[in-house]
Amino acid sequence: MSSDDAPDAFAVGRVISVELIDGGRTLGVRLEKADGTEAVVLLPQSVAGDLHRQMAAVLSSAG
């Protein structure tokens, strides 16, 4: 695998904000990386819903 094929990965220190953008169709999630820089993730509502369901399933199975 070349470095171009590697996924973007970084540790998150905190969530700065979550906003609805694009007329409410997309979530903009602003994060502070562990190194103090910021990143923004744009999630369409369908992807955000899937992420929420998967996180809830993982967290409920962990307890």
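**Close-up views of a small β-β-β-α chain**

**View 1. The overall fold, element by element.** The protein chain has one helix and three strands in its secondary structure. This is a predicted model, so keep that in mind as you look around. Walk along the sequence and you meet the elements in the order β-β-β-α. With a radius of gyration of 14 Å, the protein chain sits well over the 11 Å that the globule rule gives for 63 residues, so it is more spread out than a compact globule. Along the principal axes, its C-alpha atoms take up a box of roughly 35 × 30 × 25 Å.

**View 2. What is covered and what is open.** Just 13% of the 63 residues in the protein chain count as buried. About 5,000 Å² of the protein chain is exposed, and 56% of that comes from carbon and sulfur atoms. As for contacts in the protein chain with a separation of 6 or more, 3% of them link residues 24 or more positions apart.

**View 3. A nonpolar patch on the surface.** Here Ile21, Val40 and Leu42 come together as a nonpolar surface patch. Between them, the three side-chain owners Ile21, Val40 and Leu42 offer about 270 Å² of accessible area.

**View 4. Zooming in on Ile21.** Ile21 belongs to strand 1, which covers residues 12-21. Is Ile21 buried, partly exposed or exposed? Its relative accessibility is 31%, so Ile21 counts as partly exposed; buried would need under 20%, and exposed over 50%. Ile21 shares the nonpolar patch with Val40 and Leu42.

Methods:
Residues are numbered from 1 along each chain as its sequence is written. This is a predicted model: local features need pLDDT of at least 70, side-chain atom pairs count only at pLDDT 80 or more; totals for chains, interfaces and linings use all residues. Side-chain values use heavy atoms; hydrogens and water are left out. Patches are made of residues with over 30% relative accessible area and no salt bridge: like charges are joined within 9 Å, nonpolar side chains (Val, Leu, Ile, Met, Phe, Trp, Tyr) within 5 Å. Accessible areas come from the Shrake-Rupley method with a 1.4 Å probe; for residues, only the protein chains shown count as cover. A salt bridge is a side-chain nitrogen of Lys or Arg within 4 Å of a carboxyl oxygen of Asp or Glu. Helices (H or I, at least four residues) and strands (E, at least two) are DSSP runs, numbered from the N terminus. Buried means under 20% relative accessible area, exposed over 50%, partly exposed in between (1.4 Å probe, protein chains only). The radius of gyration is taken over C-alpha atoms; the globule rule is 2.2 Å times the number of residues to the power 0.38. Contact means heavy atoms within 4.5 Å.
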